[in-house]
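Morning, everyone. Please have a look at the model on the screen, and then I'll walk you through it.

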Amino acid sequence: MELLGYLLDALTPFNLMLALIGVVLGTVIGALPGLSATMAVAVLVPFTFSMEPASGLIALGAIYTGAIYGGAFAAILVNTPGTPSAIATTFDGYPMARRGDGGLAITLANLASVFGGMVGAIALLLLAPPLAKVALVFGPPEYFWLAVFGLTLISALSVGNTLKGLVGACLGLLLSMVGVAVVGGDVRYTLDSPALLGGIDITSALIGLYCVPVILDLVATRAAHLKINSDIEKDGIRLREAMGIAWRSKFNVIRSSVIGTVIGILPGAGGSIAGLVSYTEARRSSKYSANFGKGEPDGVIATEAANNATVGGGFIPTLVLGIPGTPPDAIILGALLVQGIKIGPTLFNSESQVVYTFIFGLLIATVLMLPAGLLIGRYAYKSVVSFPKSLLVPTVAFMTVVGSFAIHSNINDTQMMLGLGVVAWVLNRYGFAPSPIVLGLVLGQIAEQGFVQTYLIGNATHNISGMFFGRPISIGIILAALLTLGYPFFAEWRARKRHIPPLTERAMAAEAHPTDIPPTSATPDTAKPDSANGDSARALDTGAILLAVVFAAIGITAYMGTEAMSSMGSVFPATISVLLVVFSIGLVVFALLRKGSPSKGGDPAASTTRRILLGIVFGLWVFLIPVLGFFVAGLAAFGTMMVLAEHETCPAKTWLIRAITAVAVVAGFWWLMADVLLLRMPMGLFF
């Protein structure tokens, strides 16, 4: 009966309004790259201090869960995760959108997110104290191997590109070490630049690596960004079809939700690792495993169910142990302390009214995410599809600048975003996908901290191998990682042995598994295995060989740079540097033996000149912001990009409307950043 009373407290009109507004705001903020759940929760925390503790927590929890789901919008529509937890959503969500199934992908993400969020919240309601003990069992070795397990996703992305993926992962791990070492305090790889002392911001790098290549490719062709499948896009969201797919994939949904809940309990792991692990397991167990990375609905379902389940899972150690699982959890924990609520095992007894009302409010917010998310998704997909490219290109570019700047109000983050984005575009042309680099960057600190601490404990006890390989949970994670690494090769061998022909799109649609996607430069993770490329697979991959030589040189230089570091600060970068050199040499050998995956050719209809001009405009924009001011530089760049992105002759009236739109977009984002988020904006000469 007590629980029923808490449920009724959560169902008051005021709390329902807070839950609905929070979900909508969170979804919109999560869909904008860079404006993360952490920022949304942090900005709105002061407004909750005047509310009752339970109501304030419901508002913050609703924003948090909405933002995690909102990250799927940008991941599906523009190949840029709105939040780090949506990284794996890009693998299949964006290919689905490119072939005209974007509405279906968004609806699948919504259904999976709602189910995963409910599983996490129910676990928080029923199992919080016993599940919190799981977090205490994990030590440094387990966290290290968990990060390695996340990196094994590389092999699942493309069998033919595994070596390139491993090279990319090493590059990402090295990027994660720039700045002050997480253990030991050494200053590493900053090139004597004060701007690099704080390291490379993950969100800025994520925006650059994923979004800038898409922008450069968008401007190069006349073709529309996304397709509308006119035969089946009746209402845009295709709810009935999505529900049928979700029901047929119910075991994937349940498994991914459980994985997300358990990983959410582990402090520091978060939605990105949960999504990656769930994606890997979904691919390993699916009979359509060869279709993952090409627009497989199960890939979207697995990621979104898992990352939303981490919301409830992350609150378990936060509320029971006072150990925040994610940055938003840490902010909400601070809000609880300000309200005078004592965190710990006795919380569920001493403050039961606040805690249980909040948990029921989180459940209600998750349920409200279904209609709100479907409504937003319906218009978001159609808006992006129908948006003229001359407005889409500068708007997406402007969001990348806004998102990377808003994190720390630092223009250096924006410049790093653009630099990494240009590098990612070049690497894409030679078969090096951005996903492994991002995985290495995201998992780098977790992996290094676990590795160094395990090494130090093992060295002190004269049992290094026992620390790494002798603990039961570590052995289980290692076996799972090996299984994940080896299964794609086994599945490919089995398919070849059985001579299974590729399924047509119509046949797969009948099974609710459409897969026929034309290879494009904007879908870097869809390269075919070597055997499917015919004679091109036997061509010498000159570009990859040259890049491998460059990467080997980077590895050697990075290894030499460890000589001036302490033993704690040097052990991990030295290990990764050696691995980078080894993998780079292996890539050269395989390419010379004609066993490597060939670099992809560009679209002959694409305009290289427009790409170069857009890159120049983008660079001038980012570097002139401190001189001209954010508003003036943004308006000038927006107008120039509009002209570059337009391939047709338009009447003066059209250009006038677009100019007004440009002013509205730039002014709107300026107001959002300066007056709502209260960021320090560069004024320049004109303000």
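I'll start with the whole chain, then take the cores, the salt bridges and a surface patch.

First, a caution: this is a predicted model. The protein chain holds 28 helices and two strands. It has 687 residues, and 59% of them count as buried. Now the contacts. Take those between residues at least 6 apart in sequence: 82% of them join residues at least 24 apart. As for the outside, the chain exposes about 26,900 Å². Carbon and sulfur atoms supply 69% of that area.

Next, the inside. In soluble globular proteins, nonpolar side chains tend to be buried together. Which residues touch the most other members of the largest nonpolar core here? They are Ile87, Phe432, Phe551 and Phe572, in a core of 69 residues. Helix α20, residues 434-460, gives the most to this core: ten residues. A second core lies apart from that one, with 51 residues. Ile411, Met417, Phe669 and Met673 are among them.

Let me stay on Phe432 for a moment. Leave out residues up to four places away in sequence. Phe432 then touches Lys164, Val167, Leu427, Ala544, Leu547, Phe551 and Leu587. Phe551 is on that list, and Phe551 is also one of the residues I just named for the largest core.

On to charges. Side chains of opposite charge can pair when their charged atoms come close. How many salt bridges does the model have? The count comes to seven. I'll show you three.

Start with Arg99 and Asp101. Their side chains meet in a salt bridge, 2.6 Å from N to O. Is Arg99 buried or exposed? Its relative accessibility is 7%, so Arg99 counts as buried. The cut-off for buried is under 20%. Asp101 comes in at 2%, so Asp101 is buried by that rule too. This pair also belongs to a network of salt bridges, which links Arg99, Asp101, Arg238 and Glu241.

Second, Glu448 and Arg188. The closest N and O atoms of this salt bridge are 2.6 Å apart. Where do the two partners sit? Glu448 is in helix α20, and Arg188 is in strand β2, residues 187-188. The pair links distant parts of the chain, 260 residues apart. Remember that helix α20 is also the one that gives the most to the largest core. Glu448 has 2% relative accessibility, so Glu448 counts as buried. Arg188 has 1%, so Arg188 counts as buried as well.

Third, Glu646 and Arg658. Here the closest N and O atoms of the salt bridge are 2.5 Å apart. Glu646 lies in the loop between α27 and α28, while Arg658 is in helix α28, so the pair ties together parts twelve residues apart in sequence. Glu646 is buried, with a relative accessible area of 14%. Arg658 is buried too, at 10%.

Last stop, the surface. Which residues form a nonpolar patch there? Ile612, Leu613, Ile616, Leu620, Leu624 and Val627 do. Together they have about 500 Å² of accessible area. Take Leu620 as an example. Leu620 is found in helix α26, residues 608-628. Why does Leu620 count as partly exposed? Because its relative accessibility is 49%, and exposed needs over 50%.

That's the tour. Over to you for questions.

Methods:
Residues are numbered from 1 along each chain as its sequence is written. This is a predicted model: local features need pLDDT of at least 70, side-chain atom pairs count only at pLDDT 80 or more; totals for chains, interfaces and linings use all residues. Side-chain values use heavy atoms; hydrogens and water are left out. Patches are made of residues with over 30% relative accessible area and no salt bridge: like charges are joined within 9 Å, nonpolar side chains (Val, Leu, Ile, Met, Phe, Trp, Tyr) within 5 Å. Accessible areas come from the Shrake-Rupley method with a 1.4 Å probe; for residues, only the protein chains shown count as cover. A salt bridge is a side-chain nitrogen of Lys or Arg within 4 Å of a carboxyl oxygen of Asp or Glu. Helices (H or I, at least four residues) and strands (E, at least two) are DSSP runs, numbered from the N terminus. Buried means under 20% relative accessible area, exposed over 50%, partly exposed in between (1.4 Å probe, protein chains only). Contact means heavy atoms within 4.5 Å. A nonpolar core is a set of buried Ala, Val, Leu, Ile, Met, Phe, Trp, Tyr and Cys residues joined through side-chain atoms within 4.5 Å.
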